Structure formats: structure tokens, C-alpha cells
Amino acid sequence: MFNNKSILITGGTGSFGKRFTAHLIKHYSPKKIIIYSRDELKQFEMQQHFNAPCMRYFIGDVRDKERLISAMRDVDYVVHAAALKQVPAAEYNPNECIKTNIYGAQNVIDAAIAADVSRVIALSTDKAANPVNLYGATKLASDKLFVAANNISGAKGPRFAVVRYGNVVGSRGSVVPFFHQLLAQGVIKLPVTHKEMTRFWITLDDGVEFVIKNFQRMHGGEIFVPKIPSIRILDLVESICGNREYDLVGIRPGEKLHEVMVPEEMAHHSLEFDDHYVITPAIKFFDKTVSYLKNKLGEVGKPVADKFEYHSGTNPHFLTVDELKTLDKVTL
Ligand SMILES: NC(=O)c1ccc[n+]([C@@H]2O[C@H](COP(=O)([O-])OP(=O)(O)OC[C@H]3O[C@@H](n4cnc5c(N)ncnc54)[C@H](OP(=O)(O)O)[C@@H]3O)[C@@H](O)[C@H]2O)c1
């Protein structure tokens with residue numbers, strides 16, 4: 001679906017954007033891939049690896065709607081990956097996080113409508129489900145904006161959907177590179193906030209493939225949630241340093257013991273498919289005949305059980321220590 005099409009990636013120099021770009025170049029022949037982000041150094045470094053003729057590098061901020069509109073000219077698909085995503089930084093600089101993650105999201109929507117792009121997928125996080133920190137709250141607000149955007153765009157305009165997933169193994173600023181960095185500095189016991197902590201775990205490649213698939217599946221208005229494994233924090237410690245010794249540092253402000261991707265309160269409008277869930281919109285759009293039970297690929301879902309919750313602590317699939325070791329090697 002991306003052959004001879006133009007794709008714009010906000011936050012294209014980030015962990016997701018680079019792997020998504022690599023995937024597009026390997027599997028398709030896009031007309032243009034536009035990387036949209038602020039920092040010229042990250043773009044310069046990315047150009048050293050990604051210099052195919054289809055590549056375009058645009059300096060721009062998602063807070064700047066005019067720039068987004070001109071960047072989206074003749075663009076077919078947009079992936080919105082730009083975000084401020086560090087929980088403590090968001091708590092400390094709340095308004096900056098709101099400006100990028102919420103106003104930035106609305107600018108992406110307005111620009112996509114103005115430039116008449118075809119489909120937009122915005123990346124979200126498990127922290128947006130029943131949020132307890134500002135980062136999660138801004139991503140929840142962003143999710144709501146993207147879902148409701150299908151109403152603004154009307155019958156002929158762009159379709160908008162959201163992909164929500166959990167921790168990406170090895171992404172910038174995440175726990176795996178942090179643990180490796182501490183070990184390299186000679187730290188003997190890794191810091192653990194709570195020994196019972198669990199997290200959803202996804203590789204960058206699986207995240208990228210899930211987003212690509214959902215461009216084909218989407219009607220517009222869905223929050224797509226992949227079925228992915230969970231990890232126990234002490235299994236992660238053992239997979240990285242060979243023992244289960246740790247330094248207990250306590251849960252950080254804004255951190256949860258477990259994460260949720262489909263909250264119980266959303267069960268009444270959530271659907272289960274073979275390898276993913278869909279949270280369907282609480283509101284009806286221009287086209288009241290859309291049935292989310294069958295997606296555009298023809299895959300058929302069914303309503304989840306009453307009180308269903310997709311929760312990292314009760315997930316039936318946990319990675320073993322050996323599986324974690326393999327993942328670590330594959331993705332770093
Ligand atoms: N990593 C995870 O574990 C994870 C898990 C679930 C969901 N997600 C979501 O996935 C998305 C991508 O995450 P990632 O891991 O790729 O993040 P990342 O590596 O931190 O990359 C973020 C990107 O956004 C750009 N950016 C930040 N502020 C911007 C702004 N105001 N305007 C334009 N570009 C801006 C950054 O470049 P500049 O600084 O140069 O602008 C960078 O290219 C985010 O929406 C995140 O919430 C991530």
C-alpha cells in the first residue's frame with residue numbers, strides 16, 4: 001500500500017521513526033518519506049544511514065501548524081510519532097508536554113485535513129489508559145482528539161486511528177539501555193522500583209509491523225491494541241545481569257505497578273481479534289453504518305467479555321528469562 005505513495009513521519013528521527021523508515025525502504029518503493037522533527041543533528045545523523053532518493057528531511061515542530069500544512073502537501077499517509085515521552089520531565093514541565101502532545105496532535109489533525117491526506121495513525125501508549133501521570137494524560141487527550149477527528153474530516157476527508165502499545169524494548173531512554181549503561185559504569189545491583197512490577201513488552205519491529213497492518217485495517221476511529229507479552233521486572237534483571245539481586249528504589253512519582261491497555265471501563269465497546277484488540281469510538285461519526293466487527297482487511301472480531309481488562313499483571317503471556325535474553329540481543 002506504500003508503493004509510489006508519500007509518507008510523512010512526525011518524530012521520524014526517533015526510535016520508532018527510524019525503524020519504520022527502514023521497514024518502508026526494505027519492503028516498499030515509496031515516492032517520498034518525509035522525516036519531520038526539530039533537531040538538525042538527529043536529522044543529519046539519520047541522513048548518514050537513510051539517504052535513498054525518496055528521503056526528505058524537514059525541520060519542523062508539531063507546535064507549528066503552518067509548517068505541518070506545507071510539509072503534508074501531496075502526502076498520502078501520516079504517522080504521528082513525535083512526542084515528549086519521559087514521565088518525570090512531563091511532571092516537571094507540564095505545559096511543554098501539553099503543548100507538544102496535545103496541541104501538537106491537534107495541529108497534525110488540522111494539517112492532515114487541510115492537506116487532504118488519506119490516512120493518519122497516531123502512536124499512543126499504555127500510559128494513556130487510566131492515566132496517573134501527565135505524559136499518559138496528554139496521550140489520552142491526544143487519542144481522543146484523533147478519534148474525534150474523523151467527525152471533523154467528514155465523509156471524504158482523512159481517516160484517523162490510534163495504535164496503543166506498551167514498553168518498546170531498547171527504545172531511547174527506556175529501561176534496557178539504562179540497565180546496560182549502569183552495568184557498564186560498574187553498578188553491581190540494578191535499581192528496581194518494586195519487585196512485583198510488570199510491563200507490557202514489544203519489540204520495535206513488532207510495533208512497526210503492527211502500525212503498517214493497521215493502515216490496511218482501519219475504518220477510522222479505532223484504538224488498535226496488539227496482543228503482546230508481559231515481563232516481570234526481576235526476570236528482566238536476571239536476563240541482563242545473570243542474578244536477581246537488586247537495589248529497591250521505590251515507585252517513582254507517576255509510575256504504576258502494572259500497566260493497562262484496555263481498561264475495564266472500556267470493555268463494553270472493545271473487540272477482540274486474533275492478534276489484537278480494538279477499542280471502538282464512544283461516539284458515532286458521519287457514517288453510522290461502519291461496523292468495527294469487520295475491519296478493512298476482512299478480519300472479524302467479537303466483543304470482549306463483560307469486565308474484561310487487558311492488564312500487564314494478569315496477561316496470560318509472560319516472557320521467560322531466556323526469551324528476554326534473546327530479545328535483548330535482537331533489538332539492541
Ligand atoms: N518508546 C516506547 O517505549 C513507547 C511505548 C509506547 C508508545 N510510544 C510512543 O511512540 C512514539 C514514538 O516514540 P519513540 O520511542 O520513537 O520516541 P523518541 O525516540 O523519543 O522520538 C521522539 C521523536 O519526536 C521528535 N519530537 C519531539 N518533540 C517534537 C516536536 N515538538 N515537534 C516535532 N518533533 C518532535 C524527536 O525529534 P526532535 O527532538 O529532533 O524534535 C524524535 O524524533 C511516541 O508518540 C511515544 O509516545 C513509545
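**Helix packing and the ligand shell**

Student: At what angle do α5 and α6 pack, and how far apart are their axes?

Tutor: In this predicted model, local features need pLDDT of at least 70 and side-chain atom pairs pLDDT 80 or more, whereas totals for chains, interfaces and linings use all residues. Residues are numbered from 1 along each chain as its sequence is written, and side-chain values use heavy atoms, without hydrogens or water. Helices are DSSP runs of H or I of at least four residues, and strands are E runs of at least two, numbered from the N terminus. With axes fitted to C-alpha atoms over the stretch in contact, and angles running from 0 to 180 degrees between N-to-C directions, helix α5 (residues 94-114) packs on α6 with the axes 9 Å apart, at about 15°.

Student: Is the arrangement of α5 and α6 roughly parallel or roughly antiparallel?

Tutor: The angle between α5 and α6 is about 15°. Angles under 35 degrees count as roughly parallel and those over 145 as roughly antiparallel, so α5 and α6 are roughly parallel.

Student: Which oxygen or nitrogen atom of G14 lies 3.0 Å from the ligand, backbone or side-chain?

Tutor: A polar contact is a pair of N or O atoms within 3.5 Å. The partner on the ligand is an oxygen atom, 3.0 Å away, and the G14 atom is a backbone N or O.

Student: Which element gives the most residues to the shell around the ligand?

Tutor: A residue is near the ligand if one of its heavy atoms lies within 4 Å, and 28 residues surround the ligand. With 3 residues, the element that gives the most is β5.

How values were computed:
A polar contact is a pair of N or O atoms within 3.5 Å; within protein, one must be able to donate a hydrogen and the other to accept it, and residues adjacent in sequence count only if both atoms are side-chain atoms. Angles under 35 degrees count as roughly parallel, over 145 as roughly antiparallel, 65 to 115 as roughly perpendicular and the rest as oblique.
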